[in-house]
Amino acid sequence: ANKRMIDALKTDKDEDKTQQIGLYQYLVGVQYMYLKKYNDAKEYLNKARINLKGTPYHRKINALLNNCK
């Protein structure tokens, strides 16, 4: 469901949705971490880190990426 929300937000041109997209990418990445799919988790968390730069999530994402095996 979160992946579909990311796609929907990317097609919405009305306003800048970068942080909102980043939050969904973060959530998808966390879900992959729980499933121990670390390559998929890294893909989404790296995208989220870029979109959420300067927010409190940036530090959380860096910590999660350090835990990816």
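So, the crossing of α2 and α4: in this predicted model, those two helices cross in a left-handed way. To place them for you, α2 covers residues 18–34 and α4 covers residues 56–67. Their axes sit 12 Å apart, and the packing angle is about 25°. That angle makes α2 roughly parallel to α4.

Who does the touching? From α2, we have L23, Y26, V30 and M33, and from α4, Y57, K60, I61, L64 and N67. Sort the residues of that contact by class and you get 7 nonpolar, 1 polar and 1 charged.

Okay, let me step back for a second. What elements does the protein have? There are 4 helices and 0 strands, so reading from the N terminus you just get α-α-α-α. The chain has 69 residues, and 38% of them are buried. On the surface side, the protein exposes about 4900 Å², with carbon and sulfur atoms supplying 49% of that area. And if you take the contacts with a separation of 6 or more, 46% of them link residues 24 or more positions apart.

Now to α3, which is residues 38–51. How do α2 and α3 cross? Their axes come within 8 Å, and the crossing angle is roughly 160°. The pair is therefore roughly antiparallel, and the crossing of α2 and α3 is left-handed. The list of residues here goes on a bit, so I'll just pick some out. On the α2 side it includes T18, I21, G22, Q25, Y26, G29, V30 and M33, and on the α3 side Y38, A41, Y44, L45, A48 and N51 are among them. By class, the contact of α2 with α3 comes out at 11 nonpolar, 6 polar and 2 charged residues.

That leaves α3 against α4. Here the axes are 9 Å apart and the angle is about 155°, which makes α3 roughly antiparallel to α4. α3 passes α4 in a left-handed crossing. The residues making this contact are K42, L45, N46, A48 and R49 from α3, with H58, I61, N62, L64 and L65 from α4. Count those by class and you have 5 nonpolar, 3 polar and 2 charged.

You may have noticed one name coming back, so let's zoom in on L45. Is L45 buried or exposed? L45 is buried, with a relative accessible area of 0%. It lies in α3, and once you leave out residues up to four places away in sequence, L45 touches Y26, G29, V30, M33, I61, L64 and L65. Some of those partners we've met already: Y26, V30 and M33 are among the α2 residues in the contact with α4, and I61 and L64 are among those on the α4 side. One more distance while we're here: L45 and K60 are 15 residues apart in sequence, and their C-alpha atoms are 9.9 Å apart in space.

For contrast, have a look at N66, over in α4. Its relative accessible area is 64%, so N66 counts as exposed. And how far is N66 from K42, C-alpha to C-alpha? The two are 24 residues apart along the chain, and those atoms are separated by 9.7 Å.

To wrap up, if you go back to the picture, try following the three crossings in turn: α2 with α4 is left-handed, α2 with α3 is left-handed, and α3 with α4 is left-handed. Then find L45, buried in α3, and N66, exposed in α4.

Definitions and conventions: Residues are numbered from 1 along each chain as its sequence is written. This is a predicted model: local features need pLDDT of at least 70, side-chain atom pairs count only at pLDDT 80 or more; totals for chains, interfaces and linings use all residues. Side-chain values use heavy atoms; hydrogens and water are left out. Axes are lines fitted to C-alpha atoms, for helices over the stretch in contact, and angles run from 0 to 180 degrees between N-to-C directions. Angles under 35 degrees count as roughly parallel, over 145 as roughly antiparallel, 65 to 115 as roughly perpendicular and the rest as oblique. A crossing is left-handed if the near helix is turned anticlockwise from the far one by less than a right angle, and right-handed if clockwise. Contact means heavy atoms within 4.5 Å. Ala, Val, Leu, Ile, Met, Phe, Trp, Tyr, Cys and Pro count as nonpolar, Asp, Glu, Lys and Arg as charged, and the others, Gly among them, as polar. Buried means under 20% relative accessible area, exposed over 50%, partly exposed in between (1.4 Å probe, protein chains only). Accessible areas come from the Shrake-Rupley method with a 1.4 Å probe; for residues, only the protein chains shown count as cover.
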